[in-house]
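Here is a short note for a colleague who has the model open. Please read the points alongside the coordinates.

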Amino acid sequence: MEPTQVLPLVNLSNADLVTAAAGIQCLDLASQECKHHALFRNIPLPKLESVTIDASEDNSSGRLLEPYLQPKLRVFEFFGGVLDDQFLRDLAVSFCDTNFMREELTTGQEKCPLLEEVLIDNPREVVTPGGFLRFLEGAKKLKRVVLMYGMERLITREVFCELSSRSCLEILGIGGVVSEDFVVAARVRTNGQDLFPGLLGLTCTGSAAGTLLLSKDLKNLARAEIILVGSAVNFLGRFSQACPELEYLCVTYTCTPTHIEIPPREILVIPRSLPKLTHLFLTGKITSPSLQDEHIIAFAKDFAQNVKVLRLGFRETRLTEKSLIHLGQRLGSTLVECELVGRFEIDGLGGGAVLFPVLKELALREAVEWKERGQELVTGWAPEVEDVQFWTGFGEFE
């Protein structure tokens with residue numbers, strides 16, 4: 001659905017606005033358009049299915065957003081301003097089936113019975129954990145829940161347990177830390193049944209123990225973006241084996257005083273366990289000083305030949321330009337982004353055949369003999385490359 005622009009509606013007569021509003025299916029309000037929420041206060045939006053509201057100081061009250069609570073609404077995205085418990089109560093699609101606010105209902109009707117997708121970013125700390133939990137208890141048909149900045153404090157054990165029991169939930173993005181205690185509590189609540197049985201995409205911050213325990217239930221997961229707190233032995237191998245349907249895997253290691261050392265054998269498990277993988281990002285406070293060209297040769301051989309993104313952001317390895325050659329020979333026909341750490345003689349690749357015919361982004365540390373002719377040398381074996389970045393030492397890209 002193409003979003004309707006709000007500004008062209010501002011100067012319409014009331015009759016013309018009613019006519020125009022009757023056909024609106026999608027609204028995408030940019031920040032400067034949020035001053036016009038009142039435009040729809042007494043104007044019905046009977047076909048509205050999706051609304052995206054950008055961050056603005058004009059989003060000063062949940063009451064201003066009430067015009068968007070429509071019976072066909074499926075998608076609600078909010079990127080900053082004031083939301084509160086009352087607005088979320090009204091947004092919930094099935095609250096009249098519960099008892100927690102029955103005495104407050106006057107119509108006995110659901111306002112948004114079709115709601116499937118919710119994204120909330122920076123609601124200004126007005127929403128309470130209890131209010132958000134009541135929203136979830138009412139919104140039974142949610143397929144996508146993304147909770148961004150300012151929502152971390154609302155991810156309590158009770159909220160996690162409520163989300164984990166949803167068979168229809170397909171996409172989940174949450175802040176806070178998914179701990180082992182959270183997962184154990186959720187298992188108790190579901191009497192040992194699989195948590196998140198329908199989940200296809202997960203973005204979260206998790207302890208290593210909590211993430212591994214949860215992964216045992218995520219058999220259908222296709223996309224995982226994990227900010228990992230702490231470490232666990234063979235985390236990558238165990239996570240990959242638990243989630244064999246992964247197509248996209250991004251793990252960012254954080255919250256440790258030193259870089260976590262990942263041995264080559266842990267990395268080699270990934271392509272063997274994930275035959276559908278097309279995107280792999282390993283980044284953060286990690287190092288692999290024993291990773292050599294021979295490991296990358298085996299690593300590339302085990303991948304299906306449809307890898308699009310490969311970013312191995314270790315602090316230190318023993319890789320050389322031989323790894324680039326083998327990656328190109330095996331995966332070059334599909335690889336669009338590549339990041340490696342090692343010591344790469346760029347000049348030694350200058351006269352060879354095209355290795356990466358579709359590569360757009362290349363990041364290398366540490367590239368040798370590149371300062372004068374680096375871009376020219378790279379485009380010789382990666383003719384479509386648009387963004388080339390070289391590290392020197394352990395500093396930032398130059």
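The points below deal with how the chain is divided and with one contact between domains.

1. Model and domains. This is a predicted model. The domain assignment gives domain 1 as 1-94 + 110-154. Domain 2 covers 156-278, and domain 3 covers 288-397.

2. Placement of domains 2 and 3. Their C-alpha centres are 29 Å apart. Domain 2 puts 12 residues into the contact, and domain 3 puts in 16 residues.

3. Buried area. Domain 2 and domain 3 bury about 1,300 Å² between them. Carbon and sulfur atoms account for 69% of that area. On the domain 2 side, look at Pro264, Pro271 and Thr278. These three supply 39% of the area that domain 2 buries against domain 3, more than any other three residues.

4. Charged and polar pairing. How many salt bridges are counted between domain 2 and domain 3? The count is one. A salt bridge joins the side chains of Arg272 and Asp302, with 2.9 Å from N to O. For polar contacts, the count between the two domains is four residue pairs, both residues at pLDDT 80 or more.

5. The domain 2 face. Which helix gives the most to the side of domain 2 that touches domain 3? Helix H8, residues 264-273, does so with five residues. By class, this side of domain 2 has eight nonpolar residues, two polar and two charged.

Conventions
Residues are numbered from 1 along each chain as its sequence is written. This is a predicted model: local features need pLDDT of at least 70, side-chain atom pairs count only at pLDDT 80 or more; totals for chains, interfaces and linings use all residues. Side-chain values use heavy atoms; hydrogens and water are left out. Domain bounds come from an automatic or database domain assignment. Contact means heavy atoms within 4.5 Å. Buried area is the accessible area (1.4 Å probe) that two parts lose on being put together, summed over both. A salt bridge is a side-chain nitrogen of Lys or Arg within 4 Å of a carboxyl oxygen of Asp or Glu. A polar contact is a pair of N or O atoms within 3.5 Å; within protein, one must be able to donate a hydrogen and the other to accept it, and residues adjacent in sequence count only if both atoms are side-chain atoms. Helices (H or I, at least four residues) and strands (E, at least two) are DSSP runs, numbered from the N terminus. Ala, Val, Leu, Ile, Met, Phe, Trp, Tyr, Cys and Pro count as nonpolar, Asp, Glu, Lys and Arg as charged, and the others, Gly among them, as polar.
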